[in-house]
Amino acid sequence: MASFIVLLGPPGAGKGTQAQIISKTLNLAHISSGDIFRENLKNETELGKKANEFMSRGELVPDDLTIAMIQDRLSRPDCVDGALLDGFPRTPAQAEALSKMLAEWGVGIDCVPYISVAPEILIERLSGRWTCPTCGYVYHEQFNPPVVVGYCDKDGSKLYQREDDKSETVTRRIDVYLTQTSPLIEYYRGRNLLAEIDGTLSIEEVTKKLLAEIKLKIG
Ligand code: AMP
């Protein structure tokens, strides 16, 4: 039976870091909408150029573009056994679209872990992030630093700061999350899918709790 897990939480909660670990552990495809948009931008596709108009301002990419992109991605063979969704859905319309597409495929969402972190902590976290352009691993200069400053531990690539991790955009992204995405917490709680996890714990502790909650729901 396929398993679909939606990882919910504000930008900077650690969704990407946890999704990389959990998807490997559970052998599930890791679908990050933000990574797909950034990949499109790097390859200068039409979608990438359009998405960047919104991403660079910390705004959400319009629902129609985002939903079509995810539908296409979830239709690929590596998702037949399920997927771990990281950064999608981010609006009630996206959540409805996801339920509908999964229902058409005869499956559904199994679990929605919500990694909660207070907004005042997020600014500090996002502003100190450095990303590896090769493997996508995200470091933090204070909380999760690489061994050699500025370089990835895994492949030695020079780390970069995401355009939208610069301070003006960070505040906007948190506002957008609070107004447009946080209603999904109640949406999924009402459907008995939500499992709240304290995102201020260490990376290892959050992983442990996430795996325990997922196991409870999907066995
Ligand atoms: P992330 O890497 O998840 O922080 O996403 C980076 C940016 O990509 C966001 O700030 C949005 O501009 C865009 N984005 C990612 N996922 C979505 C989504 N589900 N809906 C709309 N925009 C998105």
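In this predicted model, a backbone N or O atom of V61 lies 3.0 Å from a nitrogen atom of the ligand, and that pair is a convenient place from which to begin reading the structure. Two side chains add further polar approaches to the ligand: a polar side-chain atom of Q94 is placed 2.9 Å from a ligand nitrogen atom, while a polar side-chain atom of R162 stands 3.1 Å from a ligand oxygen atom. Taken alone, the ligand would expose 480 Å², and the protein buries 95% of that area.

The surroundings of the ligand can be described residue by residue or by the element that supplies them. There are 16 residues around the ligand, and those that come nearest are S33, R38, E59, G87 and Q94. Sorted by chemical character, the shell divides into 5 nonpolar, 5 polar and 6 charged residues. Helix α2, which runs over residues 33–42, gives the most to this shell, contributing 4 residues.

R162, already met through its approach to a ligand oxygen atom, deserves a fuller description. It is placed in the loop between strand β6 (138–140) and helix α7 (167–181). How buried or exposed is R162 within the protein? Its relative accessibility is 13%, and R162 therefore counts as buried, given that the cut-off for that class is under 20%. Its side chain is joined to the side chain of D164 by a polar contact of 2.9 Å. When neighbours within four places in sequence are set aside, the residues in contact with R162 are R38, R129, T131 and R173; of these, R38 also appears among the residues that come nearest to the ligand.

A second charged residue, K15, offers another route into the structure. K15 is found in helix α1, and because its relative accessibility is 9%, it counts as buried. Where does the side chain of K15 reach? It comes to 3.0 Å from the backbone oxygen of G9. Leaving aside neighbours within four places in sequence, K15 is in contact with L7, L8, G9, P10, D86, G87 and I115, and G87 in this list is one of the residues that come nearest to the ligand. K15 also illustrates how separation along the chain and separation in space can part company, for K15 and G199 are 184 residues apart in sequence and yet 9.2 Å apart in space, C-alpha to C-alpha.

For a pair set much farther apart in space, one may turn to S56 and I218, which are 162 residues apart along the chain and whose C-alpha atoms are separated by 37 Å. S56 itself lies in the loop between helices α3 (46–55) and α4 (63–74), and with a relative accessible area of 38% it is partly exposed. The side chain of S56 reaches the backbone oxygen of N52 at 2.8 Å.

The backbone geometry has some features that stand out against a general expectation. Most residues other than glycine have a negative phi, and most peptide bonds are trans. N27, although it is not a glycine, has a positive phi of about 60°; it is located in the loop between helix α1 (15–26) and strand β2 (29–32), and at 69% relative accessibility it counts as exposed. N192 likewise is not a glycine and has a positive phi, here of about 65°; its place is the loop between helix α8 (183–190) and strand β7 (194–198), and at 64% relative accessibility it too counts as exposed. As for the peptide bonds, the one joining F88 and P89 is cis, with omega at about 0°, and P89 sits in the loop between strand β3 (82–86) and helix α5 (92–104).

These local details belong to a protein with 9 helices and 7 strands. Its radius of gyration is 17 Å, close to the 17 Å that the globule rule gives for 219 residues, so the protein is as compact as a globular protein of that length. Along its principal axes the C-alpha trace spans about 45 × 40 × 35 Å. Of the 219 residues, 47% count as buried, and the accessible surface comes to about 11000 Å², with 53% of it belonging to carbon and sulfur atoms. Among contacts between residues at least 6 apart in sequence, 71% join residues at least 24 apart.

Conventions:
Residues numbered from 1 in each chain as written. Predicted model: local features only at pLDDT ≥ 70, side-chain atom pairs only at ≥ 80, totals over all residues. Heavy atoms only, no water. Near = heavy atom within 4 Å. Polar contact = N/O pair within 3.5 Å; in protein donor to acceptor, adjacent residues only side chain to side chain. Areas by Shrake-Rupley, 256 points an atom, 1.4 Å probe, with all protein chains shown as cover. Helix = DSSP H or I, 4+ residues; strand = E, 2+ residues; numbered from the N terminus. Nonpolar A, V, L, I, M, F, W, Y, C, P; charged D, E, K, R; others polar. Rg over C-alpha atoms; globule rule 2.2 N^0.38 Å. Buried < 20%, exposed > 50% of the residue type's maximum accessible area, 1.4 Å probe, protein only. Contact = heavy atoms within 4.5 Å.
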